[in-house]
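Biologist: Got a minute to walk me through this model? I'd like to begin with the charged side chains.

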Amino acid sequence: MYRHQSIPEVVAHLDLALPDEVNPDIAKSALTQARQRLGEEPLALLFGLSAAAWDERHQHGRSWRGLARYAINGSTLRASDTPENRHHFGAQAYASGVVASYPQLRLLTLTSLATHLVRATVFGEYGKNEMRYARDLLQAIPDHSLTVFDKGFLSAELLLQVQQPGRERHWLIPAKNNSKWERLDLHPTDYRVRMKVSPQAREHNPTLPLHWEARAIETISQHGRRRILLTSLLDTQAWPAKELAEQYQERWRIETRYRELKQEMLGGELTLRSGTPETVRQEVWGALLAYNLVRLEMAEVAREVGVVPTDLSFTTALHYLRYEWSWLAISSPGTLPARLLRLRERLGELLLPKQRRGRECPRVVKKLPSRYSTKQVRSVK
């Protein structure tokens, strides 16, 4: 929450103290030692328990046709360039043979589309493929849900593991350009397909069938681009194609969550500060806990004022929480309810402009500004 300050500054700023009131002063070395004694396990456990509970609380009334909506997506984080971090997490190697300047870790999350609360996460060394990380997240997908994937996760082994265990666990994913299938009906834009399971996948998992079926929905984007979505929701009457396409559009808004985590919460300093793998993992769990705390408060405010949580500004909520917590640290206990009520009232008044919802910014290369209005080329004789 206070990433722009050092831990000793935060302890002093929020008036944190040890139980011993006789000696309230805390040495900086004591804080470091306390963090090392704590480790990552308590934070990981706290994140897992709180994330599932908070998500369950705010799924009520925000489902789509009885299904809770989630997205699995991935990103990377930079770690401090220490020998321990580089050996443990690795780094990106380019085709030229150059290795990235900082160690990196790969991060995948299961995130609610309704509230952007992170329900579950896995992270670790950079060299591990995202598909392998995604398998570790599948068990965290709840029943009666729809999970949206990026096309890089299109795999019979992965997607069948989503829908086979549990009850009513469905998926939605765009097809790749080279995807091949057999059409099972003649509808022009909404039809069922049958695809072959690759021999490599069946060799890796002999329980996979020879073929698997899905529903294909052809859509046209705002820029006129054709896209085919594949889904396990086969009933065209119960699950309209237009509404399914809208659920995929919601996944794109999840991309901003990593920007909020890495730029807003980490203060634009994209490199984690910890120098060892153990403290790096502890720092990641702490950042995810803090992110969920902000999102939880946004969900609570949204429910009280009657809007959706994604209509509130994460940046504004983060700034207000930092400001109010600074006052709460020095306020008397009797004033806390009034201050929390004031905080929620202020957050509820600051909605994002409606015209920003759903806008798309095409990726273009902008020309660099020139110091001179014109340039002249002189020929040499």
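Modeller: Sure. Asp55, Glu56 and Arg119 are linked in a network of salt bridges. A salt bridge here is a side-chain nitrogen of Lys or Arg within 4 Å of a carboxyl oxygen of Asp or Glu.

Biologist: Is this an experimental or a predicted model, and what should I know about the numbering?

Modeller: This is a predicted model: local features need pLDDT of at least 70, side-chain atom pairs count only at pLDDT 80 or more, and totals for chains, interfaces and linings use all residues. Residues are numbered from 1 along each chain as its sequence is written, and side-chain values use heavy atoms, with hydrogens and water left out.

Biologist: How many salt bridges does the rule give?

Modeller: The count comes to 16 salt bridges.

Biologist: What does Glu283 pair with?

Modeller: Glu283 forms a salt bridge with Arg3, and their closest N and O atoms are 3.8 Å apart. Glu283 lies in helix H10 (residues 277-305) and Arg3 in the segment before helix H1 (7-13), so the pair ties together parts that are 280 residues apart in sequence. Helices are DSSP runs of H or I with at least four residues, strands are runs of E with at least two, and both are numbered from the N terminus.

Biologist: Is Glu283 buried or exposed?

Modeller: Glu283 counts as buried, at 14% relative accessibility. Arg3 is buried too, at 8%. Buried means under 20% relative accessible area, exposed over 50%, and partly exposed in between (1.4 Å probe, protein chains only).

Biologist: And Arg194, what does its side chain meet?

Modeller: Arg194 meets Glu182 in a salt bridge, 2.8 Å from N to O. Arg194 lies in strand S7 (residues 190-196) and Glu182 in strand S6 (residues 182-183), so this pair joins parts 12 residues apart in sequence. Arg194 is partly exposed at 32%, and Glu182 is partly exposed at 40%.

Biologist: New topic. How many residues are in the largest nonpolar core?

Modeller: The largest nonpolar core has 38 residues. Such a core is a set of buried Ala, Val, Leu, Ile, Met, Phe, Trp, Tyr and Cys residues joined through side-chain atoms within 4.5 Å. The largest share of this core, 12 residues, comes from H10.

Biologist: What does Val294 touch?

Modeller: Val294 touches Met1, Phe314, Ala317, Leu318 and Leu321, not counting residues up to four places away in sequence. Contact means heavy atoms within 4.5 Å.
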